[in-house]
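This report goes through selected parts of one protein model, with the residue and element numbering kept throughout. Please have the sequence and the coordinates open while reading.

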Amino acid sequence: MAHWLDGIALVDAHHHFWELARFPYRWLAPDAPPARFGDKAAIRRDFLPEQYLATFGDLPLGASVHVQANCGAADPVEETRWLQALSDSTGWPSAIVAEVDLAAPDARDQISRHLASPALRGIRTPVAWDDAGRWRVADRAGVLGAPGFRNALSCLEDNGLCLECVVVPAQLPEVLDLAQAHPGLTIVLDHFATLEPDQPGTLPDWQHGIAALADAPNVCVKLSGLWTVDKAWRADVLRPHILHLLSCIGPDRVLYGSNLPVEGVNCSLARQFEQLQDVLADQPKASITSIFSETARRVYRL
């Protein structure tokens, strides 16, 4: 399955662990609202390094980046402490992207406490907001430009942390503005900037927004969470969009993430790699190496 990745020390730049008895994980509770990505029953169980590594099997996995899993802890720093202990005892994850609401008054204090965990490399913060009401993770529109939010970014820059976020395509101009105002800050957009080609207006917003990011070298985009584009990750559906991304910002600003275990509800890890091999068949080895290893190693200082 993995011969096309031979010689590449694979980095999974986006995955989650959870231990259901440890934190509330309200979004995974049996009585939680249904998820747009599919049936949560299959992932309503502990997912820890043992299960994660078994899923990767003989793929050449060299490092991984854990992104906060909306654990529901009263203090999100508790999740980071737990992940650091896992990393210390098992070697996984290699890096941690922690949860902080950068618009909150105590954002700087939270960041400083997360920094006690040496694997910390970034902060994910809730900013997604769309007019249609499909994606509203933030508590209001325009968070990316809010003064309090912007003021907290210096704390990330001073500590070499990246800003990580889920955005919708209509927010890409806001991302560009933020990136140009903070050229020293690395910004990572999760899950392909949430392209939903079947939603009215979303595809042109995404295409134009991604093209404009050519002028923001500090913005990277994850090749992850592609269920919003096509739940089965069909290569013929994904191809034009992935090639557009690569043509606009280049492979040194694109990084692969499995989004395990969530993505597995629709598309197994084996199928992810099969379909991506098809999509990327004409790309040079250097580009493949960037997407599946080098970009993440640089962004997360692995």
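Against which helices and strands do the buried residues of helix 4 pack?

## Helix 4 and its surroundings

In this predicted model, the buried residues of helix 4 pack against two helices, helix 3 (107-114) and helix 5 (172-181), and against two strands, strand 4 (120-124) and strand 5 (162-165). Helix 4 itself spans residues 147-158, and its buried residues are Phe 149, Arg 150, Ala 152, Leu 153, Cys 155 and Leu 156. Just after helix 4, Gly 160 adopts a positive phi of about 65°.

## The crossing of helix 4 and helix 5

The axes of helix 4 and helix 5 come within 12 Å and cross at roughly 45°. Because an angle of this kind is neither under 35 degrees nor in the range of 65 to 115, helix 4 and helix 5 are oblique to each other, and their crossing is right-handed.

On the side of helix 4, the residues that take part are Phe 149, Arg 150 and Leu 153, which meet Asp 177, Leu 178 and Ala 181 of helix 5. Sorted by class, this contact between helix 4 and helix 5 has four nonpolar and two charged residues, with no polar ones.

## Aromatic pairs

The count of aromatic pairs in the model comes to 17. In one aromatic pair, Phe 37 and Trp 227 are arranged edge-to-face, with 6.2 Å from centre to centre and 70° between the planes. Phe 37 is in the loop between strand 1 (10-15) and helix 1 (49-56), whereas Trp 227 is in the loop between strand 7 (219-223) and helix 7 (235-249), so the pair ties together parts that lie 190 residues apart in sequence.

Both partners are buried: Phe 37 counts as such because its relative accessibility is 10%, and Trp 227 because its relative accessibility is 11%, where the cut-off is under 20%. Elsewhere in the list of aromatic residues, ring pairs link Phe 17, Phe 47, Tyr 52, Phe 56 and Trp 92 into a cluster.

## Asn 259 in its loop

Asn 259 is found in the loop between strand 8 (254-256) and helix 8 (269-279). Is Asn 259 buried or exposed? With a relative accessibility of 3%, Asn 259 counts as buried. When its neighbours within four places in sequence are left aside, Asn 259 is in contact with three histidines, His 14, His 16 and His 191, and with Gly 225.

Technical notes: Residues are numbered from 1 along each chain as its sequence is written. This is a predicted model: local features need pLDDT of at least 70, side-chain atom pairs count only at pLDDT 80 or more; totals for chains, interfaces and linings use all residues. Side-chain values use heavy atoms; hydrogens and water are left out. Helices (H or I, at least four residues) and strands (E, at least two) are DSSP runs, numbered from the N terminus. Buried means under 20% relative accessible area, exposed over 50%, partly exposed in between (1.4 Å probe, protein chains only). Contact means heavy atoms within 4.5 Å. Axes are lines fitted to C-alpha atoms, for helices over the stretch in contact, and angles run from 0 to 180 degrees between N-to-C directions. Angles under 35 degrees count as roughly parallel, over 145 as roughly antiparallel, 65 to 115 as roughly perpendicular and the rest as oblique. A crossing is left-handed if the near helix is turned anticlockwise from the far one by less than a right angle, and right-handed if clockwise. Ala, Val, Leu, Ile, Met, Phe, Trp, Tyr, Cys and Pro count as nonpolar, Asp, Glu, Lys and Arg as charged, and the others, Gly among them, as polar. Rings of Phe, Tyr and Trp (its six-membered ring) pair if their centres lie within 6.5 Å; planes under 30 degrees apart count as stacked, over 60 as edge-to-face and the rest as tilted.
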